[in-house]
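Please find below a colleague's note on the structure, set out for a reader who has not met it before.

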Amino acid sequence: AYMLYPIIHFCHQRLKLPYIISAIIISLLIFLSIYSFFYITIQSIIAIYPEIKIQVDNLQLFDSEYLVVLENIFNESLSYIDTAIMSLASYLQDFFQYIFELFIFLVAFFFALFESRRNRYWFFIYVPKPYRKEWKQYFSKAMNLFSYFLYVEFQLFIITFFLLSIGLALLKFENPINKAFLISFADVLPFFGIGLFLIPIAIYFFAIGDKFVSLALVLLYVFIQITRQLTESLLWASTFQLRTVHTFLISAASILLFGVYGILLSPFILLIAVKVKQKSIAG
């Protein structure tokens, strides 16, 4: 609610829409965006999964000692997909509970939006008054950093997707856009990366004797990684004033300590790191 309030306020002021209508429209747009994203992801998996199965079956891995490592990689990848499908089935069993939780979330979300209209920092009323002003400043800076973090990740996703789509299309892969989308999405996830997909695929083509495609995939991986790192460094340099290796290690530690919630907490920890750096320089 805190992050979406400026967008809803903009629609209310500029488009002259009632505040409740603006909130509903923005909520529906977010829902449609999330639905479209998951729909494209599922369609990409459906399009690619049979092709992977065919390639695995055609390899005849059990008759070749040379491809034992590749066999393990493919089998492990397929087991992850099977586990994800089974997990989805178990989630569907609790469908009604999730519907109820979603209803509670939506009620709380709209209450928060209307409170934000009166005072965007309404939840700080529970903070002791001597600390309220200072904590507001830290919170505001952290949320700005988190918003910029999402903006940077979105830009990196678009760049990776664009370069992968062109590279895979030039190499005449089937469904290049679907493959590029899945690999780009994996690159956004913590501790994943395009190498998790491109390197095994390069090994596969090397093993079946297509060394040109294998070398091209390795070069594509190196080119995208260099482009991505340079872009990320430029985007973060003006904001954090921290080295890329520091931001990576802090984000990684946050995820290891707090799990998925560490992604949300990492901007706060980065803000603390910036403050510590400023004090060390001043001292």
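The points that follow concern nonpolar cores, a surface patch and aromatic pairs.

1. The model under discussion is predicted. The positions and distances in this note should be read with that origin in mind.

2. The largest nonpolar core comprises 17 residues. Leu164, Phe173, Ile194, Leu198, Phe205, Leu217 and Ile224 have the most contacts inside it. Two or more residues of this core are contributed by each of helix H5 (129-170), helix H6 (176-188), helix H7 (195-207) and helix H8 (211-240). Helix H8 supplies the largest share, five residues.

3. Ile224 may serve as an example from that core. Leaving aside residues up to four places away in sequence, Ile224 touches Thr160, Leu163, Leu164 and Ile194. A second core, separate from the one above, has 10 residues, among them Leu4, Ala23, Ile26 and Phe109.

4. Not every isoleucine is buried. Ile199, in helix H7, has a relative accessibility of 32% and therefore counts as partly exposed, since buried means under 20% and exposed over 50%. The C-alpha atom of Ile199 is 8.7 Å from that of Ser214, a residue 15 places away along the chain.

5. In soluble globular proteins, nonpolar side chains tend to be buried together. On the surface of this model, however, there is a nonpolar patch with about 1,000 Å² of accessible area together. Its members are Ile20, Ile21, Ile24, Ile25, Leu28, Leu29, Phe31, Leu32, Tyr35, Tyr39 and Ile40. One of them, Ile25, is found in helix H2 (residues 19-59) and is partly exposed, with a relative accessible area of 36%.

6. There are 18 aromatic pairs in the model. In one of these, Tyr2 and Phe123 have ring centres 6.5 Å apart and planes at 70 degrees, so the pair is edge-to-face. Tyr2 lies in the segment before helix H1 (5-14), and Phe123 in the loop between helix H4 (95-118) and H5; the pair therefore ties together parts that are 121 residues apart in sequence. Tyr2 is buried, at 9% relative accessible area, whereas Phe123 is partly exposed, at 26%.

7. Tyr131 and Trp135 form a tilted aromatic pair, with 5.9 Å from centre to centre and 35 degrees between the planes. These two residues are four apart in helix H5, so about one helical turn separates them. Tyr131 is partly exposed, with a relative accessible area of 45%, and Trp135 is partly exposed as well, with 43%.

8. Which residues form one aromatic cluster with Tyr2? They are Tyr121, Trp122, Phe123, Phe124 and Phe139.

Definitions and conventions
Residues are numbered from 1 along each chain as its sequence is written. This is a predicted model: local features need pLDDT of at least 70, side-chain atom pairs count only at pLDDT 80 or more; totals for chains, interfaces and linings use all residues. Side-chain values use heavy atoms; hydrogens and water are left out. Patches are made of residues with over 30% relative accessible area and no salt bridge: like charges are joined within 9 Å, nonpolar side chains (Val, Leu, Ile, Met, Phe, Trp, Tyr) within 5 Å. Accessible areas come from the Shrake-Rupley method with a 1.4 Å probe; for residues, only the protein chains shown count as cover. A salt bridge is a side-chain nitrogen of Lys or Arg within 4 Å of a carboxyl oxygen of Asp or Glu. Buried means under 20% relative accessible area, exposed over 50%, partly exposed in between (1.4 Å probe, protein chains only). A nonpolar core is a set of buried Ala, Val, Leu, Ile, Met, Phe, Trp, Tyr and Cys residues joined through side-chain atoms within 4.5 Å. Contact means heavy atoms within 4.5 Å. Rings of Phe, Tyr and Trp (its six-membered ring) pair if their centres lie within 6.5 Å; planes under 30 degrees apart count as stacked, over 60 as edge-to-face and the rest as tilted.
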